[in-house]
Amino acid sequence: MNWKYSLEYYADGILKKTTNCSNDDFILNVNSSDSYLSVSVLPKRKIEFKKFDLIADYKVNRDERIFTNGYQSWTVSREYAPNEAMDEFNPRFLGIKKSKFNPLGMWGAGDLLWHDYPEKQGVFYGYSYAYVRKGNKLTLFGSLSERAGYTILTFDTNENTLTVSKDLEGVCFDSEKRVLDLAIISGEYNSVFDRYFNLMNIVKPRVNRSCGYTTWYNYYTHVTQDIVKRDLKAISKLDTKIDIFQIDDGYERTVGDWLETDPVKFPEGMKTVADSIHKNNMLAGLWLAPFGVTPKSNIFKAHKDWIVTDEKGKYHFSSHNWGGFYALDIYNKEVRAHLKNVFDTVLNEWGYDMVKLDFLYACCQRPIHNKSRGEIMCDAMDLIREWCGDKIILGCGVPLAPAFGKVDFCRIGADVALSWNKKPFSREDVSTINTLTNTIYRRHLDGRAWLNDPDVFLLRDNNIKMPMSQRKIVARVNSMLGNLLFVSDDVSTYTDEQMKIFNYTVSRDKPEIVSAEIMDGIACIRTENEELKFNINEGRVL
């Protein structure tokens, strides 16, 4: 492939533009072939890139499909026909400049604070890797490292181009640095992804297919010790082996104060809960959002200097959740000591075997300390693995590539909603349709980067707005394509039929997938022995 350059950068405080790979300010050392592209920056003086694009002619045929990987766990990730548009937004939010209209960080979970959304047909972008597929054959473009900065791949079928961009905002170059390593791999679906992960030296997951329970999708932050005791008792009586029992958000005083358990909801403390889970022969899991703190947290009140601020010194909301929360600066030595103590307490003193780590993107929303967002996220995942040792990590709300090989399980879609057709306000918002879409199209990560967590399936009759026919679709998709199968139900209320569905969902082996795709709103998943076909917009089996 022949690459052209579109570069904007600051040198001596002056914004400059160039289409050349070398000039009086820097040299780009480029190594390009049909299967590989690498770029190093050799500055002649201090420079900072505002735009770093490499562009090649690339035509996508009408019978091919383009897959773009969304920014983080929850972001919509799917295949597109060349004449489609990325249309996952609610129409009332199209045309709004998200970086200007961001109350309480409402767009914070995604990339819209620094990347414009293409609101037209034929333009598709994603992070770290993408592919073009025809049948079972595809060509994959995959970054081998995001440590220099996120790699953004954009297909424009109107101009017949592929643009490879690097998010290098906030990084001043004063010495030579490798900024891009891109593999270009063609072949059959599974062999291409095997090759990609081998090139990155990602070790196969050490955990096995698991099933379990989480408190979130029934009780949310209203979970209590009594609820946990009741549901633990019920699920421990099942004939099917349950691997993990996880306590989600709601046990802590507030987000950020992880070691301050809510004394009303959990009067006996979290160690007692873990002990009870172990007595029932299950692994104990606990939810944390380690990089987040709310303004009402004691951590924030006592350590405002630990918080990431903008260039004016203003605290920056990472998201609107819990009324808005801030992010900790992971390069602050006191922050690292604090978080190490949190993990030591949760995992070693309280005795939890698994942590579900959520909203991890928060640490890298802003480039800080002369580090790009990608480098910050890579450093954060290294720290998390170090702090957790050999304990199990379930990643969530995390940009995917920096987490490859660093977590044992990972969410690969949005939160499941209690109804089928809830309309999301962002590409990361709660949505059953979007998470099923991601489960289908991110299936290649399972068994390579980690084991996929497709989010929960729910079979209960109360506190749910889906008919049983739709609940069964979610359970079946999760069982076919996922490897972490969680419920949030009080299983003591199950009928015989519900129990039969539950047992089948969690106890069978994951089948070998022949194909899985969505065409004209019809999802079709095929194995050697079965086929599931359903209208994904209506939640109706065909």
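1. In this predicted model, Arg443 occupies the loop that runs between helix H9 (432-441) and strand E23 (451-453). The residue is buried but forms no salt bridge. Its nearest side chain of opposite charge belongs to Glu79, at a distance of 5.9 Å. A salt bridge would require a separation within 4 Å, so Glu79 does not qualify as a partner for Arg443.

2. Which backbone oxygen lies 2.7 Å from a polar atom of the Arg443 side chain? The oxygen belongs to Ile440. The backbone oxygen of Ala516 is also placed beside a polar atom of this side chain, at 3.2 Å. With residues up to four places away in sequence set aside, Arg443 touches Tyr189, Asn438, Asn452, Leu481, Ile513 and Ala516. Ala516 thus appears both in this contact list and as a backbone oxygen facing the side chain.

3. Ser77 is situated in the loop linking strand E6 (65-68) and strand E7 (78-80). Is this residue buried or exposed? Its relative accessibility is 0%, and Ser77 therefore counts as buried. The side chain of Ser77 reaches the backbone nitrogen of Gly70 at 2.7 Å, while the backbone oxygen of Thr75 lies 3.1 Å from a polar atom of that side chain.

4. The surroundings of Ser77, again without residues up to four places away in sequence, comprise Phe67, Thr68, Asn69, Gly70, Thr437, Asn438, Tyr441 and Arg442. Asn438 is touched by Ser77 and also by Arg443.

5. Strand E4 (residues 36-43) has 6 of its 8 residues buried, and it is therefore largely enclosed by the rest of the structure. Strand E3 (residues 26-32) pairs with E4 in the antiparallel sense over 7 bridges. The two are joined by a hairpin of 3 residues. Within this pairing, Leu28 has Val41 of E4 as its bridge partner.

6. E4 also pairs with strand E14 (residues 177-188), in the antiparallel sense and over 6 bridges. Val39 stands opposite Leu180 in E14, and Ser38 stands opposite Asp181. In addition, strand E10 (residues 137-143) runs antiparallel to E14, with 7 bridges joining them. Thr139 and Ser186 of E14 stand opposite each other in the model.

7. The largest nonpolar core holds 189 residues, among which Phe52, Phe404 and Trp450 touch the most other members. Helix H7 (residues 373-388) supplies the largest share of this core, with 8 residues.

8. Which residues are in contact with Phe52, leaving aside its neighbours within four places in sequence? They are Ser6, Leu7, Leu28, Val39, Val41, Val164, Ser165, Lys166, Leu168 and Val179. Among them are Leu28 and Val41, the bridge partners noted for E3 and E4. Val39 is a further contact of Phe52, and this valine stands opposite Leu180 in E14.

9. A separate point concerns an open sheet of 4 strands in the order E25-E26-E27-E28, with antiparallel pairing. Its edges are strand E25 (513-519) and strand E28 (540-541), each of which pairs on one side only. E25 is joined to strand E26 (residues 522-527) by 6 bridges, and the two run antiparallel. In that pairing Glu517 stands opposite Cys524 in E26. The edge strand E25 covers residues 513-519, and Arg443 touches Ile513 and Ala516.

Terms used:
Residues numbered from 1 in each chain as written. Predicted model: local features only at pLDDT ≥ 70, side-chain atom pairs only at ≥ 80, totals over all residues. Heavy atoms only, no water. Buried < 20%, exposed > 50% of the residue type's maximum accessible area, 1.4 Å probe, protein only. Lys, Arg positive; Asp, Glu negative; His and termini not counted. Polar contact = N/O pair within 3.5 Å; in protein donor to acceptor, adjacent residues only side chain to side chain. Contact = heavy atoms within 4.5 Å. Pairing = 2+ DSSP bridges. Core = buried A, V, L, I, M, F, W, Y, C linked by side-chain atoms within 4.5 Å.
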